[in-house]
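Visitor: I'd like to know what stands behind the labels people put on a model. Can we go through a few?

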There are 2 protein chains.
Amino acid sequence: MDTNVQRSGRIETVMQAIRSRIASRSLVAGARLPSVRAFARAMQVSVSTVVEAYERLAAEGLIRSRPGSGFFVAAPLAPFSLVDIGPRLERDIDPLWVSRQSLESGADVLKPGCGWLPPEWLPQAALRRALRSLGRADDAVLTDYSSPLGLPGLRQLLARRLADHGLSVGPDAIMLTESGTHAIDLICRFFLEPGDCVLVDDPCYFNFHALLRAHRAKIVSVPYLADGPDLAAFAAILETHRPRLYITNSGVHNPTGASLSAVNAHRVLTLADRAGLTIVEDDIFADFEDVASARLSAFDGLNRVVQIGSFSKTLSASMRCGYVAARPDWIEGLSDLKIATSFGGGQLAAAMVLAVLTDGGYRKYLEGLKTRLASARQKAAKDLAGLGLVPWLLPKAGLFLWCEMPEGVDSADLARQCLTDGVILAPGNVFSLSQNAGRFMRFNVAQMDDPKVCASLKARLPRKG
Amino acid sequence: MDTNVQRSGRIETVMQAIRSRIASRSLVAGARLPSVRAFARAMQVSVSTVVEAYERLAAEGLIRSRPGSGFFVAAPLAPFSLVDIGPRLERDIDPLWVSRQSLESGADVLKPGCGWLPPEWLPQAALRRALRSLGRADDAVLTDYSSPLGLPGLRQLLARRLADHGLSVGPDAIMLTESGTHAIDLICRFFLEPGDCVLVDDPCYFNFHALLRAHRAKIVSVPYLADGPDLAAFAAILETHRPRLYITNSGVHNPTGASLSAVNAHRVLTLADRAGLTIVEDDIFADFEDVASARLSAFDGLNRVVQIGSFSKTLSASMRCGYVAARPDWIEGLSDLKIATSFGGGQLAAAMVLAVLTDGGYRKYLEGLKTRLASARQKAAKDLAGLGLVPWLLPKAGLFLWCEMPEGVDSADLARQCLTDGVILAPGNVFSLSQNAGRFMRFNVAQMDDPKVCASLKARLPRKG
């Protein structure tokens, strides 16, 4: 005969089994618990025992019932924490940690690990001219919301720029956003449901990981080679994981500085077509290129590729302005989501950007910037090579060098040590879903003028033979 | 004996049953299909028939399989459409439609239905002074990202303003956002999982509906009375629906202009405490008040209440800047989400806002604005009453009058007709989840200077007597 004590014991056993799965993170916040029936079978207890155990865990607040959908792991005190989602990384190589370090630290800290240019490299004079000219703008520009798609003049200018890259679209295929990241965020909202699979490059821009975790996406990654993703792996992943989106850079790949070749662009698109995959091409480094490399969006004509960009890299990160270029039917849905989640954009940032882009000096500034970056890349590559840090490739454009550490050096260790010298680095595994980039480090050549950067690296690296 | 033909017919029948449920919207995009077993029982076919039918529908792209979770209705061509979620409303009273109309229309259209002041009511001179002074700012202000929480000077000033409202917090309890809506969006990301229940007022600011639909929340509403939510209904809803959040305005309620009384604020908080409910207090109309009314956030001391605000109403909607005030442990999680989904904020908008708020003229401007609004409210109330449109109450502050139409007049009908005269109105059901506000209309008294507004209303309303 079954006693109450025996039954209590079984209920407690089931509760304990769930608790330990949550503690070990094999069930994470938001995850659905096994169905009552399945778990009863697995634990060899009755369904009513599991029902009672789940009810008690729900009363404790550890899990939550959602009528008709089952039971889910409740969120911890901080209800939704990015830190709690995804693989548990050391804080030093957590993508958000690097973002925070770079954003929080003052002017006294050196940031060869950050992803932007120093203020004095940017077109200060043109920005100040733009501010003065806005001081004389119409009242409405200073105070009104913008239209849902954003300032028409800037969208027209963007359409012309896209045409220069071989992508012929009208301004109705372009929507302004607050930033490039905001653009990708809206795209994720539009395309993804929680649990959907998204493919990124390995390595890739680290904030893609944080952004996709915020969307509760399942992330998979494909090795990135010198001219694009590893196509065999790409094909296999499309087959196995059926990702909904692939997010990538074509022009200047972050963090490697690699460029997608035309032949690989074509093959990626062919595979994407076959699998019904939508591609998000993050083109924020476009203006760094001398000769435009292959663009998935241009090859595809905005059929299954969405392009995003912003002006934070070559103009200013202080005035927030990015864009999405996509099929007009998608732009319609994206703009509904933009209104719902941030209402109208502002006109001021877009008007500033338009003023600077149409300022006669912008093209000349860009030419100077590219020359300056080319020599900074050369100098940094030489300095780093002298320390035994070898660039994986020599990029044609941009601000990054992706360097391999000497044998036996872990880049997260090195970053941790240099931080005590006031030098913020970006260790490889921050960019790597597979965590296979522990021997790599991304350097921003525009942030290496100060000899203290190399001095810190030299002091912290093991002495050569 | 079962023939292949018979089996094919049964599979087709099951497929057709699912197709028609999707077509009739009894299964919407993202909805989970009935389990294979349950549907086999319901259709009186074998499990394998349903499995095969589901597989074929998945191959057609109409539904999608998610391993371990079952089958879901695939998104239509436009993968996630706000228009497809929630009750199907006439386009004229769809919240997004009113937002779009107001944001898209040019200066030639009259907008008594919009929610903001005309450009000439806003502090143009102070804004122009701020632009000029920014033209002389440090390089970094013009080009750098801001710190994760945003410009320290503005957060300190906001902390002092909150202290004036009886809420004593440090700047670490305040995070800047791109807008008030962006602040609420981050809060929803932090607290909600898809399917969670959120409580709003009925009527409430219409974009809350669109925002919550974007979060796939289940929305419930509580009738809003002249001094706060209907407390009996509020208590019953907490009991029945256990909402995760309650989003409301305390100072000047949108659209009614009502204010929360101190006694109701206390009762709402007591009920919220008991139910473990988190409250989002949207305080964007704070600067319109002469005498501050009760604030849930001040009574509660930011324990379970989060306050948000922005400067779009009294300063400018063109430079995007809002804020969240919340417990520092929540601010930490919110700032992670902000970095992940929009990276750093810009400094420029925050610096502009700070410059205007610390401009000697701001307080004087506000005094003038409040006087001007008070007389505009009086004049509009009189004009509208002359047309048989009676304000539900006479608000103490703000720009809105919530008016009842004459017997037999449907406000959506009236809005549709006035639109042909170039007058954009905001019919009551846009604000009402229950769709019980068809006799009401929200008027923005600052947008009624032009006699064409009343002329259009007069021409379109049925003649009296």
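Guide: Here are some labels, each set against its rule. This is a predicted model, where local features need pLDDT of at least 70 and side-chain atom pairs count only at pLDDT 80 or more, while totals for chains, interfaces and linings use all residues. Residues are numbered from 1 along each chain, chains are lettered from A, and side-chain values use heavy atoms, without hydrogens and water.

Visitor: How do you know that chain A and chain B are related as by a two-fold rotation axis?

Guide: Chain A lands on chain B with an RMSD of 0.6 Å after a turn of 180° and a shift of 0.4 Å along the axis. The two copies are thus related as by a two-fold axis. The fit is by least squares on C-alpha atoms of residues with pLDDT of at least 70 in both.

Visitor: Why is the pair of A:Trp116 and B:Tyr145 called edge-to-face?

Guide: Rings of Phe, Tyr and Trp (its six-membered ring) pair if their centres lie within 6.5 Å; planes under 30 degrees apart are stacked, over 60 edge-to-face, the rest tilted. Here it's 4.7 Å and 65°, hence edge-to-face. A:Trp116 sits in a loop of chain A and B:Tyr145 in a loop of chain B, so the pair joins two chains.

Visitor: And what makes B:Tyr205 and B:Phe206 a tilted pair?

Guide: Their centres are 5.5 Å apart and the planes meet at 45°, so tilted it is.

Visitor: Why say that B:Arg372 lies over the face of B:Trp121?

Guide: The rule wants NZ of Lys or CZ of Arg within 6 Å of the ring centre and within 35 degrees of the ring normal. B:Arg372 is at 3.9 Å from the ring centre of B:Trp121, and lies over its face.

Methods: Helix = DSSP H or I, 4+ residues; strand = E, 2+ residues; numbered from the N terminus.
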